[in-house]
Amino acid sequence: MQAEERKMKILNSTEKKKILEQLEQFGIEKLNYLLFQTGKEKIRGYSGNLSIQEINMLARTIRVEIIGLYLFKQDLGLRLSLDATQILKPSKKIINTNDIQAQSWLKGEDLNITTNQQGFVIIKHNQDFLGSGKAAGNLILNFIPKERRLKWVLIITQEKKSVFSKEPI
């Protein structure tokens, strides 16, 4: 099978260097992954024991469509996935949220936050990275996939009782 047929392309060192240059805006300087482009925009990272030659041999033998972890999407800039924010731990373009904002974000809601940041930003609550969004004026657009959004909400009442509530999304 050719690389085009399997819809997966191993990025060369020049392409990886361009991605690293884009990651510098988030304070990420290292990327210890073999990078694959799947489809037109998605970039996945692989850190397993197979070499490039072994992966290519495997792809010729069986149909390999996906390998590694989804890290980024290249659309109007580099957008980090929820997993990428947690693994790569960005240090720049971070928007810190309070408890209510973090809960709203995890439910898939956009945030009404005024920031001087532009483009894609990283959402963080305390020490937890909650994904990335796009700053647009006084709004940060949410990109958490529907299947990963919070469906149950832990509410702590004034009486210090914990109550689980299922709220529709």
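**Buried charges, two cores and a hairpin**

Both Arg79 and Asp75 are buried, and in this predicted model their side chains meet in a salt bridge, with N and O 3.3 Å apart. That pair belongs to a set of five salt bridges found in a search of the whole structure. Another member of the set joins Lys9 to Glu15, whose closest N and O atoms lie 2.4 Å apart. Here the setting is partly exposed for each partner: Lys9 has a relative accessibility of 36%, and Glu15 comes in at 23%. Glu41 and Lys73 also meet through their side chains, at 3.5 Å from N to O. This bridge ties together distant parts of the chain, since 32 residues separate the two partners: Glu41 sits in the loop between strand 2 (34-38) and strand 3 (42-46), while Lys73 belongs to strand 4. Glu41 counts as partly exposed, at 30% relative accessibility.

Lys93 is a different story. This residue is buried, with a relative accessible area of 14%, yet it has no salt bridge. Asp75 is the nearest side chain of opposite charge, and it is 12 Å away. A salt bridge would need a nitrogen and a carboxyl oxygen within 4 Å. What Lys93 does have is a polar contact of 3.3 Å between its side chain and that of Gln25. Beyond the residues up to four places away in sequence, Lys93 touches Gln25 and Phe26, and also the run Gln117, Gln118, Gly119, Phe120, Val121 and Ile122.

As for its place in the chain, Lys93 lies in the loop between helix 3 (82-88) and strand 6 (94-96). Its backbone has a positive phi of about 60°, although Lys93 is not a glycine. Lys89 is found in the loop between helix 3 and strand 6 too, and this non-glycine residue likewise has a positive phi, of about 50°. On accessibility the two lysines part ways: Lys89 is exposed, with a relative accessible area of 51%, whereas Lys93 is buried.

Turning to the nonpolar interior, the largest core has 18 residues. Ile19, Leu23, Leu31, Leu35, Phe72 and Leu80 are the ones with the most contacts inside this core. At least two residues of the core come from each of helix 1 (13-23), strand 4 (69-74), strand 5 (78-80), helix 3 and strand 7 (119-125). A second, separate core is made of 11 residues, among them Val121, Ile123, Leu130 and Ala135. Ile19 gives a feel for the packing in the largest core: leaving aside neighbours within four places in sequence, Ile19 is in contact with Leu11, Leu31, Leu35, Ile43, Phe72, Gln74 and Leu78.

Strand 7 deserves a closer look. Six of its seven residues are buried, so the strand is mostly covered. On one side of the pairing scheme, strand 7 runs parallel to strand 6 over three bridges, with Ile95 standing opposite Ile123. Strand 7 also pairs with strand 8 (residues 128-136), this time in the antiparallel sense and over six bridges. Within that pairing, Ile122 has Ser132 of strand 8 as its bridge partner. Strands 7 and 8 form a hairpin with two residues between them. Asn126 sits in the turn and has a positive phi of about 55°. Among the strand 7 residues already met, Val121 and Ile123 are part of the second core, and Val121 and Ile122 are touched by Lys93.

Further along the chain, Asn142 is placed in strand 9 (residues 139-142). Asn142 is buried, with a relative accessible area of 11%. Its side chain reaches the backbone oxygen of Glu109 at 3.0 Å. Apart from neighbours within four places in sequence, the contacts of Asn142 are Trp105, Gly108, Glu109 and Asp110.

Methods: Residues numbered from 1 in each chain as written. Predicted model: local features only at pLDDT ≥ 70, side-chain atom pairs only at ≥ 80, totals over all residues. Heavy atoms only, no water. Helix = DSSP H or I, 4+ residues; strand = E, 2+ residues; numbered from the N terminus. Buried < 20%, exposed > 50% of the residue type's maximum accessible area, 1.4 Å probe, protein only. Lys, Arg positive; Asp, Glu negative; His and termini not counted. Polar contact = N/O pair within 3.5 Å; in protein donor to acceptor, adjacent residues only side chain to side chain. Contact = heavy atoms within 4.5 Å. Core = buried A, V, L, I, M, F, W, Y, C linked by side-chain atoms within 4.5 Å. Pairing = 2+ DSSP bridges.
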